[in-house]
Amino acid sequence: MTGDALSSRSQRAEPPPVRVGRAFTRHALADWRPDSSTTGDDARLVASELLANAVRHTAGPLAMDLDDDRSRLRITVTDPRADITPPDPGSHQPARIGGHGLFIVDRLALHWGAFPEGCGKTVRADLLLPGRATDPAAARPRSS
């Protein structure tokens with residue numbers, strides 16, 4: 001959680017973590033932003049993708065956090081695997097079955113990345129909230 005968050009919630013992952021995390025995100029956004037259906041759809045999708053990666057590539061998520069500072073929503077998922085080198089979303093192969101999660105996260109998030117956290121890592125994605133100004137320099141161009 002960031003020190004400047006105005007609203008925060010935390011959840012310790014429980015099986016099945018993707019469904020639980022998606023519901024957790026839906027409820028938090030309904031409490032914080034009842035009129036933000038587009039942000040909610042994107043947030044639930046990003047949360048689902050980050051949690052699914054933790055389930056598929058590690059022993060499962062340890063925690064999921066949401067932070068809303070009124071300009072962006074930060075979604076973080078912590079897992080026990082220390083490797084923080086995610087695949088390059090630029091190497092996305094649309095015809096391949098599976099392997100599209102980080103490409104989707106890359107397209108929807110303003111910023112995302114993985115950082116060491118204890119004996120594991122945290123994967124973080126920031127979503128711009130509608131109606132909020134952002135520094136144009138902060139929005140990175142998307143690959144085509």
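User: Contact means that heavy atoms lie within 4.5 Å. Taking the contacts in the chain with a separation of 6 or more, what percentage comes from residues 24 or more positions apart?

Analyst: This is a predicted model, in which local features need pLDDT of at least 70 and side-chain atom pairs count only at pLDDT 80 or more, whereas totals for chains, interfaces and linings use all residues. Residues are numbered from 1 along each chain as its sequence is written, and side-chain values use heavy atoms, with hydrogens and water left out. For contacts with a separation of 6 or more, the part that belongs to residues 24 or more positions apart is 62%.

User: In what pattern do the helices and strands follow one another along the sequence?

Analyst: Helices (H or I, at least four residues) and strands (E, at least two) are DSSP runs, numbered from the N terminus. The chain has three helices and five strands. Read along the sequence, they give the pattern β-α-α-β-β-α-β-β.

User: Which helix or strand gives the most to the largest nonpolar core?

Analyst: A nonpolar core is a set of buried Ala, Val, Leu, Ile, Met, Phe, Trp, Tyr and Cys residues joined through side-chain atoms within 4.5 Å, where buried means under 20% relative accessible area, exposed over 50% and partly exposed in between (1.4 Å probe, protein chains only). The largest such core has 24 residues, and Leu50 is one of those with the most contacts inside it. Helices H1, H2 and H3 and strands E2, E3, E4 and E5 each supply at least two residues of this core. With six residues, the element that gives the most is H2.

User: Why do the buried residues of H3 line one face of the helix?

Analyst: The buried residues of H3 are Gly101, Leu102, Val105 and Asp106. The arc is that of the directions from the helix axis to the C-beta atoms. Seen down the axis of H3, these buried residues line one face because they fall within an arc of 135 degrees.

User: Which residue in E5 is the bridge partner of Ala114?

Analyst: Two strands pair if DSSP finds at least two bridges between them, and E4 and E5 do so in the antiparallel sense over seven bridges. They form a hairpin with two residues between them, and Gly118 in the turn has a positive phi of about 60 degrees. In E5, the partner of Ala114 is Val123.

User: Is Asp126 buried or exposed?

Analyst: Asp126 lies in strand E5. Leaving aside neighbours within four places in sequence, Asp126 is in contact with several residues, including Arg72, Arg74 and His111. Because its relative accessibility is 6%, Asp126 counts as buried.
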